[in-house]
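User: I am new to this structure. Please take me through it in short questions and answers.

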Amino acid sequence: MLNEIVLVGGLIFVFTLLYLSFLLPSKMIGNEEDNDKENTSTKTVGRGGGGAGDGVLRELALTNGQINRMNKEEVRQKLEELHLETRGVKEVLKKRLKSYYKKEKLYPDVKLSPTPERYDFLLVIDFEATCMEENPPDFQHEIIEFPILLVNTETLIVEDQFHSYCRPTINPILTPFCTKLTGITQKMVDRAPEFPQVLEDVLDWMSSKGYGMGHSRYAVATDGPWDMCRFLYQQCLHCGIPYPRPFRKWINVKKHFANFYQTKGGTKLQEMLASLGLKFEGKPHSGRDDAVNIARIAGRLIQDGCELRVNECLNNGRVEPVVPPRAKLSVSN
Ligand code: AMP
Ligand code: MG
């Protein structure tokens with residue numbers, strides 16, 4: 001009996017020791033982090049590294065925890081005080097405030113994202129294509145509008161644009177539904193060159209803007225993978241021309257938006273705008289207007305501190321994610 005009491009007592013003692021040595025410390029430092037899952041597992045720090053960096057990271061974690069506990073109005077007021085954009089849903093505002101402090105604490109001397117991942121220009125593209133009200137699964141879409149906006153990622157100004165309609169050849173007559181959806185009339189496409197000519201014009205225009213010259217960095221940006229993997233890929237197959245190299249990888253803005261803000265509001269173009277507190281400018285499903293609005297979202301992401309890097313590519317007609325070589329900083333959000 002005495003042996004059993006000693007054994008049970010010993011077990012209780014050992015478990016208590018284990019609890020104190022493993023669980024308690026993590027709980028003690030966990031108050032703030034528990035509220036903020038997106039915190040400090042990082043090894044690399046922004047300024048200086050080492051011990052000072054750890055202090056900054058700890059501070060950031062505390063700040064993030066505080067922001068998590070603020071209500072929307074409190075966050076909005078703080079953003080106003082800091083002269084930052086105040087439109088958007090709660091998740092967007094919180095992310096904006098966290099990004100502000102992250103940049104202030106880690107990279108106070110850098111104007112925009114400090115990583116070499118930043119592009120000088122975005123080429124924002126949104127194709128419109130032939131369609132039916134209920135597109136059959138094997139429907140052969142043909143590109144009928146090819147707009148590109150050249151966006152300076154530092155000023156966020158649209159510095160130039162390319163725009164052309166394209167004349168379809170498989171279904172040369174647009175359905176009334178397609179015209180209603182896109183605003184593109186039969187006359188517009190009848191007067192337009194066929195796709196191969198338009199693509200040549202596009203590539204000439206890109207060269208004239210310095211693309212491929214090596215002195216600036218460009219990235220194609222689209223709202224999802226479909227523009228490239230479906231419309232452009234099918235179009236090139238149909239025309240018997242090789243898929244153009246500049247469009248083999250791109251920034252999927254929708255994907256960045258979802259990962260960065262983590263809103264509940266959805267990632268359709270109009271939903272992303274609504275989450276940012278913005279209204280659609282122009283006519284939805286007009287390629288140029290869609291591109292303008294995608295550029296506005298991309299601009300907002302850049303201003304809010306998102307590193308808009310190439311995140312998708314096409315490999316033998318299949319979309320694949322492009323993973324960054326290594327995460328430089330994991331104190332995000
Ligand atoms: P978007 O960029 O959303 O305007 O869509 C690009 C293309 O997808 C359009 O030009 C159409 O060919 C097709 N599309 C988009 N929405 C629809 C729809 N509701 N019904 C049929 N086709 C559509
Ligand atoms: Mg569109």
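User: How many residues surround ligand 1?
Analyst: This is a predicted model. In it, the closest residues to ligand 1 are Glu-128, Ala-129, Asn-135, His-285 and Asp-290. They belong to a larger set around the ligand, and that set numbers 16 residues.

User: How far is a polar side-chain atom of His-285 from an oxygen atom of ligand 1?
Analyst: Several side chains reach oxygen atoms of ligand 1. For Asp-126, a polar side-chain atom lies 3.3 Å from one. For Glu-128, an N or O atom of the side chain is 2.6 Å from one. For His-285, the distance is 2.6 Å.

User: What percentage of the accessible area of ligand 1 does the protein cover?
Analyst: On its own, ligand 1 has 470 Å² of accessible area. Of this, the protein covers 72%.

User: Which residues coordinate the magnesium ion (ligand 2)?
Analyst: The donors sit at 1.9 to 2.0 Å from the ion. Along the chain they follow the spacing D-x1-E-x161-D. They are Asp-126 (OD), Glu-128 (OE) and Asp-290 (OD).

User: How many residues apart in sequence are the parts that Asp-126 and Asp-290 tie together?
Analyst: Asp-126 lies in the loop between strand 1 (121–125) and strand 2 (128–129). Asp-290 lies in helix 12 (residues 287–303). The pair therefore ties together parts of the chain whose separation is 164 residues.

User: Are Asp-126 and Asp-290 buried or exposed?
Analyst: The cut-off for this label is under 20% relative accessible area. Both Asp-126 and Asp-290 count as buried.

User: How many bridges pair strand 3 with strand 4?
Analyst: Strand 3 covers residues 143–152, and strand 4 covers residues 158–165. They run antiparallel. Leu-149 faces Gln-161, and Leu-150 has Asp-160 as its bridge partner. The number of bridges is seven.

User: Which residue in the turn between strand 3 and strand 4 has a positive phi?
Analyst: The two strands form a hairpin, with five residues between them. One residue in the turn has a phi of about 65 degrees. Most residues other than glycine have a negative phi. The residue here is not a glycine; it is Leu-156.

User: What is the relative accessible area of Leu-156?
Analyst: Leu-156 is found in the loop between strand 3 and strand 4. It is classed as partly exposed, because its relative accessible area is 24%.

User: Which residue of strand 3 stands opposite Phe-121?
Analyst: Strand 1 also pairs with strand 3. The sense is antiparallel, over five bridges. Opposite Phe-121 stands Asn-152.

User: Which residue in strand 3 is the bridge partner of Glu-128?
Analyst: Strand 2 and strand 3 run antiparallel and are joined by two bridges. Glu-128 is also a donor to the magnesium ion (ligand 2). Its bridge partner in strand 3 is Glu-145.

User: How many residues of strand 3 are buried?
Analyst: Strand 3 is largely enclosed by the rest of the structure. That follows because its buried residues number 10 of the 10.

User: Which element gives the largest share of the largest nonpolar core?
Analyst: This core has 29 residues. Leu-122, Val-124, Ile-251, Val-253, Ile-297, Leu-301 and Leu-308 have the most contacts inside it. Elements giving two or more residues include strand 1, strand 3 and strand 5 (218–222). The largest share is seven residues, from helix 12.

User: Which side chain makes a polar contact with Glu-312?
Analyst: Glu-312 is in strand 7 (residues 312–315). It counts as buried because its relative accessibility is 6%. The contact is 3.1 Å, and the partner is Asn-252.

User: Is Gln-262 buried or exposed?
Analyst: Gln-262 is found in the loop between helix 10 and helix 11. Its phi is positive, about 50 degrees, although it is not a glycine. Its relative accessibility is 52%, so Gln-262 counts as exposed.

Notes: Residues numbered from 1 in each chain as written. Chains lettered and ligands numbered in written order. Predicted model: local features only at pLDDT ≥ 70, side-chain atom pairs only at ≥ 80, totals over all residues. Heavy atoms only, no water. Donors = N, O, S within 2.8 Å, 3.2 Å for Na, K, Ca; no water. Helix = DSSP H or I, 4+ residues; strand = E, 2+ residues; numbered from the N terminus. Buried < 20%, exposed > 50% of the residue type's maximum accessible area, 1.4 Å probe, protein only. Pairing = 2+ DSSP bridges. Near = heavy atom within 4 Å. Polar contact = N/O pair within 3.5 Å; in protein donor to acceptor, adjacent residues only side chain to side chain. Areas by Shrake-Rupley, 256 points an atom, 1.4 Å probe, with all protein chains shown as cover. Core = buried A, V, L, I, M, F, W, Y, C linked by side-chain atoms within 4.5 Å.
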